[in-house]
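Please open the model in your viewer and keep the sequence panel beside it, as each stop below begins with something to select.

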Amino acid sequence: LEDVDSAPAPCKKERKREKRFLKFVMAKTGWDTMAALASISRLLAQNATSSAHGGYSHKKFGFCGLKDKSGVTFQQCSVEAHMCGGDARALLELNQRLEGIRLGNLEWTTESCKMGEHA
């Protein structure tokens, strides 16, 4: 997994019409998709100074298909920009606190991942 593109997040106005989502690859073992995203969401909420913009929920994540918790899996996911405070490094910093989950290959994008899409 690679680190994030160092470009700053778009300003609020640009993000609204353009890059409102942060896509990333989640490598995991021993986790099912929903439990992993719920754990990431809880950690982001703990790091946040405010729960504005509709709060912090695993429902703010998108993902391409479900993966079981057997073996090592790599999954394309996305999260609404406000969940990480508009700073992609917030997700990368979670790697130090997540056991069995690694996040990387981050990219700002206009579209959320959707079930049935292929990465």
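Helices and strands are here taken as DSSP runs, a helix having at least four residues and a strand at least two, and they are numbered from the N terminus. Colour this predicted model by secondary structure, and you will find three helices and four strands in the chain, which follow the pattern α-β-α-β-β-α-β when read along the sequence.

**The whole chain**

Before selecting single residues, show the surface of the chain, which exposes about 6,900 Å², with 47% of that area supplied by carbon and sulfur atoms. Of the 119 residues in the chain, 43% are buried. If you display contacts with a separation of 6 or more, residues 24 or more positions apart account for 74% of them.

**The nonpolar core**

Next select F24, M26, I40, L44, L91 and L103, the residues that touch the most other members of the largest nonpolar core, which has 25 residues. Two or more residues of this core come from each of β1 (21–29), α2 (33–47), β2 (61–63), β3 (72–80), α3 (89–93) and β4. Helix α2 gives the largest share, namely five residues.

**The aromatic pair**

Stay with F24 and add F61 to the selection; how are the two rings of this aromatic pair arranged? The chain has one aromatic pair, and in it F24 and F61 meet edge-to-face, at 6.4 Å centre to centre and with 85° between the planes. Because F24 lies in strand β1 and F61 in strand β2, the pair ties together parts that are 37 residues apart in sequence. Both partners are buried, since the cut-off is under 20% relative accessible area, and F24 is at 0% while F61 is at 7%.

**A residue in β3**

Move to T73, which lies in strand β3; is T73 buried or exposed? With a relative accessibility of 12%, T73 counts as buried. Show its surroundings, leaving out residues up to four places away in sequence, and you will see that T73 touches M26, A27, K28, K67 and D68, so that M26, one of the core residues selected earlier, comes into view again.

**A patch on the surface**

Finally, select M34, L66 and M115, which form a nonpolar patch on the surface and together have about 310 Å² of accessible area. M115 sits in the segment after β4 (101–109), and, as its relative accessible area is 53%, M115 is exposed.

Key: Residues are numbered from 1 along each chain as its sequence is written. This is a predicted model: local features need pLDDT of at least 70, side-chain atom pairs count only at pLDDT 80 or more; totals for chains, interfaces and linings use all residues. Side-chain values use heavy atoms; hydrogens and water are left out. Patches are made of residues with over 30% relative accessible area and no salt bridge: like charges are joined within 9 Å, nonpolar side chains (Val, Leu, Ile, Met, Phe, Trp, Tyr) within 5 Å. Accessible areas come from the Shrake-Rupley method with a 1.4 Å probe; for residues, only the protein chains shown count as cover. A salt bridge is a side-chain nitrogen of Lys or Arg within 4 Å of a carboxyl oxygen of Asp or Glu. Buried means under 20% relative accessible area, exposed over 50%, partly exposed in between (1.4 Å probe, protein chains only). A nonpolar core is a set of buried Ala, Val, Leu, Ile, Met, Phe, Trp, Tyr and Cys residues joined through side-chain atoms within 4.5 Å. Contact means heavy atoms within 4.5 Å. Rings of Phe, Tyr and Trp (its six-membered ring) pair if their centres lie within 6.5 Å; planes under 30 degrees apart count as stacked, over 60 as edge-to-face and the rest as tilted.
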